[in-house]
Amino acid sequence: MKAVIFLAALAVSACVVESNTAHEWVRKRASQDFNCPMGQLTIYHYTNKPHEKGAVGCGKGMVYVEQCQGSDCRWVADPSRGEPKRPN
């Protein structure tokens, strides 16, 4: 039983690390794209859209989407999605 709980906790923590890494990557990219200090950016995580994040700051906003080819994944700006919406 302890092994099952440990494995479940490990799986959850792996998702959090991956999510935090993506969150910080989007923050850094938006800082460059908007010419805005990272501390002035807000990054939105959409629980119903795990491959989408919104970034707003310095009067600008952009939706970033995860694009993968095999195991190589990157977050790219997608201006066609318009301004990011604040999650509910």
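Arg 81 is partly exposed, with a relative accessible area of 43%. In this predicted model, Arg 81 meets Glu 52 in a salt bridge, 2.5 Å from N to O. The two residues sit in distant parts of the chain: Glu 52 is in strand β2, Arg 81 is in the segment after β4, and 29 residues separate them.

Is Glu 52 buried or exposed? Glu 52 is buried, at 12% relative accessibility. The cut-off for buried is under 20%. Glu 52 also forms a salt bridge with Lys 49, where the closest N and O atoms are 4.0 Å apart. Lys 49 is partly exposed, at 40%. These residues belong to a network of salt bridges that links Lys 49, Glu 52, Asp 78 and Arg 81.

Elsewhere, Arg 74 pairs with Asp 72 in a salt bridge, with 3.3 Å between the closest N and O atoms. Arg 74 is exposed, with a relative accessible area of 52%. Asp 72 is partly exposed, at 40%. How many salt bridges does the structure hold? The count is 6. Side chains of opposite charge can pair when their charged atoms come close.

The table lists three of these salt bridges.

| Salt bridge | Closest N to O distance |
|---|---|
| Lys 49 and Glu 52 | 4.0 Å |
| Glu 52 and Arg 81 | 2.5 Å |
| Arg 74 and Asp 72 | 3.3 Å |

**The fold**

The chain has 1 helix and 4 strands. Along the sequence they follow the pattern α-β-β-β-β. The 4 strands form an open sheet, in the order β1-β2-β3-β4, with antiparallel pairing. Why is one side of β1 and of β4 left without a neighbour in the sheet? Both strands stand at the edges and each has a single partner strand, so one side of each has no neighbour there. From one strand to the next, the twist averages 25°.

Strands of a sheet pair through backbone hydrogen bonds, either parallel or antiparallel. Here β1 and β2 pair in the antiparallel sense over 4 bridges. In this pairing, Thr 42 stands opposite Val 56 in β2. At the other end of the strand order, β3 pairs with β4 (residues 72–77), also antiparallel, over 6 bridges. There Gln 69 stands opposite Asp 72 in β4.

The β3 and β4 hairpin has 2 residues between the strands. Gly 70 takes a positive phi near 70° in this hairpin.

**Disulfides**

A disulfide is a covalent bond between the sulfur atoms of two cysteines. This structure holds 2 disulfides. With bonded cysteines counted along the chain, their pattern is 1-2, 3-4.

One disulfide joins Cys 36 and Cys 58, whose sulfur atoms are 2.0 Å apart. What parts does this pair tie together? Cys 36 lies in the loop between α1 and β1, and Cys 58 in the loop between β2 and β3, so the link ties together parts that are 22 residues apart in sequence. The link is right-handed, with 70° about the S-S bond. Its two ends are covered to unlike degrees: Cys 36 is buried, at 3%, whereas Cys 58 is partly exposed, at 36%.

The other disulfide joins Cys 68 and Cys 73, again with sulfur atoms 2.0 Å apart. The torsion about its S-S bond is about 115°, so this disulfide is right-handed. Cys 68 is partly exposed, at 41%. Cys 73 is partly exposed too, at 36%.

**Backbone angles in the loops**

Most residues other than glycine have a negative phi, and most peptide bonds are trans. Asn 35 has a positive phi of about 55° although it is not a glycine. Where does Asn 35 lie? Its place is the loop between α1 (2–34) and β1 (42–45). Asn 35 is exposed, with a relative accessible area of 71%.

Cys 58 has a positive phi as well, near 55°. This cysteine is in the loop between β2 (52–57) and β3 (60–69).

**The chain as a whole**

Of the 88 residues in the chain, 30% are buried. The chain exposes about 6,300 Å², and carbon and sulfur atoms supply 56% of that area. Among contacts between residues at least 6 apart in sequence, 30% join residues at least 24 apart.

How values were computed
Residues are numbered from 1 along each chain as its sequence is written. This is a predicted model: local features need pLDDT of at least 70, side-chain atom pairs count only at pLDDT 80 or more; totals for chains, interfaces and linings use all residues. Side-chain values use heavy atoms; hydrogens and water are left out. Buried means under 20% relative accessible area, exposed over 50%, partly exposed in between (1.4 Å probe, protein chains only). Two strands pair if DSSP finds at least two bridges between them. A salt bridge is a side-chain nitrogen of Lys or Arg within 4 Å of a carboxyl oxygen of Asp or Glu. Axes are lines fitted to C-alpha atoms, for helices over the stretch in contact, and angles run from 0 to 180 degrees between N-to-C directions. Contact means heavy atoms within 4.5 Å. Accessible areas come from the Shrake-Rupley method with a 1.4 Å probe; for residues, only the protein chains shown count as cover. A disulfide is a pair of cysteine sulfur atoms within 2.5 Å.
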